[in-house]
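Work through the following exercises with the sequence and the coordinates open beside you. Each task is followed by a solution that proceeds step by step.

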Amino acid sequence: MGLREVHEVLPSTQDRAIDLARSGAEEGTRVVARRQSRGRGRVGRGWTSPEGGLYISIVLATPPPPATLLPLGIGTFLARGLNDRYRTPLRVKWPNDILAVTPGEPPRKVAGILVDSVSSPSLGQAVVAGVGINVRVARDAFPVAIADDSASLHELLPSAPSVDEVEEIAAGAALTARRALAEPGGTARVRRLCEEMLYGVGRPVTVDGVRSGRITTLGDEGELLLATGEHRLAVRSGEVRVEEEA
Ligand code: BTN
C-alpha cells in the first residue's frame, strides 16, 4: 500500500497525485482533499468541490488494454461497493458517471471519475484515477446550474455516511478494477460486470446532441453500443445523454 496524503484544501488532488506518480510513488498512493479550489472534471470541465464531498486521486499501474475499460470498471466497482454497503440505487452512466436512479424521479449524478495517464519511473506508464463523490454535500453548496441534476449520498439514506468510510470503498474499487483487468480473462469479466450496472439500456440517446439510437450493451473495449434500426453503432467518445421515451 502506498502513501496516504490528506489535505484540508488543494487546487486538485489529481494534479498532486500526478506529481507524486512522476516522482516514483507506488501503486495505491492516494491523495485526499476536504475541498478543492480548482477541481478538474472530464473534457476540460471543472469539478465543484465543496466541503462534504470526497475528492481522491489514486496512483495505479496501467492495466493491459483496452484502456477504456478502466474508468468504467472503477465506476462499476465503486457503485457496487456503495450499493452493497448502503443499499443505494446507484448505476453507471457511460463512460464515467455514477447516478442515483430512483423510480419515478430523474436520475441525479452522485460521482464522477477522471483517469489521466502519466509516466512513472517505478511503474512505467501509470495512471491516476480521480474520483469525486458527493457524500454529505449540502444542497445549497451545489452551483445552481447543476443542482437539480446532482445528488449527495446523504440525501438517499436515513443517516449521512462518513467521508472516511466512502474513501476506503473508493480506493478499494480503483485497485480492484485495475487488478481485475490484469487477470487472465479479466477484460471479459469486468465488461460483464459493467454491463450489469449500465444505466439506460434500451433507452434512446443523443450523442453530442444528435439522436443516435438506443443503448444495447457494451463492446469488447468498453465502447457503448447503440442500435439504430437495422444497424449497430459504437460510441467511443462524446457526450451521451439518455433521453425519455418519445
Ligand atoms: C467528471 O465527472 O467529469 C469527473 C470528475 C472527477 C473529479 C475528481 S475529484 C478528485 C480528482 N481531482 C480532480 O481535480 N478531479 C478528480
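The structure is a predicted model, and a first residue to locate in it is R87, which is exposed, with a relative accessible area of 68%.

**Exercise 1. Backbone exceptions**

Task: Find where R87 and D208 lie, and state which sign of phi each has although neither is a glycine.

Solution: Begin with R87, which sits in the loop between helix 2 and strand 4 and has a positive phi of about 60 degrees. Turn next to D208, whose place is the loop between strand 8 (204–207) and strand 9 (210–218), and whose phi is positive as well, at about 50 degrees. To set these values in context, recall that most residues other than glycine have a negative phi. Finally, check the accessibility of D208: its value is 55%, and because exposed means over 50% relative accessible area, D208 counts as exposed.

Task: Identify the cis peptide bonds that P66 and P95 take part in, and name the loops that hold these two prolines.

Solution: The bond that joins P65 and P66 is cis, with an omega of about 5 degrees, and P66 belongs to the loop between strand 3 (53–61) and helix 2. The bond from W94 to P95 is also cis, its omega being near 0 degrees, and P95 is placed in the loop between strand 4 (90–93) and strand 5 (97–100). Most peptide bonds, by contrast, are trans.

**Exercise 2. The interface between the domains**

Task: Describe how domain 1 and domain 2 meet, going from the overall arrangement to the residues that supply the buried area.

Solution: Start from the division of the chain, in which domain 1 covers 4–197 and domain 2 covers 204–242, with 23 Å between their centres, taken over C-alpha atoms. Next consider the contacts, where twelve residues of domain 1 touch 14 residues of domain 2. The two domains bury about 1000 Å² between them, and 55% of this area is on carbon and sulfur atoms. On the side of domain 1, K93, W94 and R191 supply 57% of the area buried against domain 2, which is more than any other three residues supply.

Task: Determine how many salt bridges and how many polar residue pairs cross this interface, and which elements of domain 1 contribute to it.

Solution: There are three salt bridges between domain 1 and domain 2, and R191 forms a salt bridge with D220 in which the closest N and O atoms are 3.2 Å apart. Across the interface of the two domains, seven residue pairs are in polar contact. The elements that give two or more residues to the domain 1 side are helix 2 (69–86) and helix 6 (186–197), and the largest share, four residues, comes from helix 6. By type, the residues on this side are five nonpolar, two polar and five charged.

**Exercise 3. Salt bridges in the chain**

Task: Follow the salt bridges made by R4, E5 and E223, and decide for each partner whether it is buried, partly exposed or exposed.

Solution: Keep in mind that side chains of opposite charge can pair when their charged atoms come close. The whole structure holds 22 salt bridges, among them the one in which the side chains of R4 and E167 meet at 2.7 Å, N to O. This pair links distant parts of the chain, since R4 is in strand 1 (residues 4–10) and E167 is in helix 5, 163 residues apart. R4 is partly exposed at 41% relative accessibility, whereas E167 is buried at 0%. A network of salt bridges links R4, R30, E167 and E168.

For the second pair, E5 forms a salt bridge with R16, with the closest N and O atoms 2.5 Å apart; E5 is in strand 1 and R16 in helix 1 (residues 13–22), eleven residues apart. Here E5 is buried at 13%, while R16 is partly exposed at 30%.

For the third pair, E223 forms a salt bridge with R236, and the closest N and O atoms are 3.5 Å apart. E223 lies in the loop between strand 9 and strand 10 (224–228), and R236 in the loop between strand 11 (231–235) and strand 12 (240–242). At 11% relative accessibility E223 counts as buried, but R236, at 54%, counts as exposed.

Terms used:
Residues are numbered from 1 along each chain as its sequence is written. This is a predicted model: local features need pLDDT of at least 70, side-chain atom pairs count only at pLDDT 80 or more; totals for chains, interfaces and linings use all residues. Side-chain values use heavy atoms; hydrogens and water are left out. Domain bounds come from an automatic or database domain assignment. Contact means heavy atoms within 4.5 Å. Buried area is the accessible area (1.4 Å probe) that two parts lose on being put together, summed over both. A salt bridge is a side-chain nitrogen of Lys or Arg within 4 Å of a carboxyl oxygen of Asp or Glu. A polar contact is a pair of N or O atoms within 3.5 Å; within protein, one must be able to donate a hydrogen and the other to accept it, and residues adjacent in sequence count only if both atoms are side-chain atoms. Ala, Val, Leu, Ile, Met, Phe, Trp, Tyr, Cys and Pro count as nonpolar, Asp, Glu, Lys and Arg as charged, and the others, Gly among them, as polar. Buried means under 20% relative accessible area, exposed over 50%, partly exposed in between (1.4 Å probe, protein chains only).
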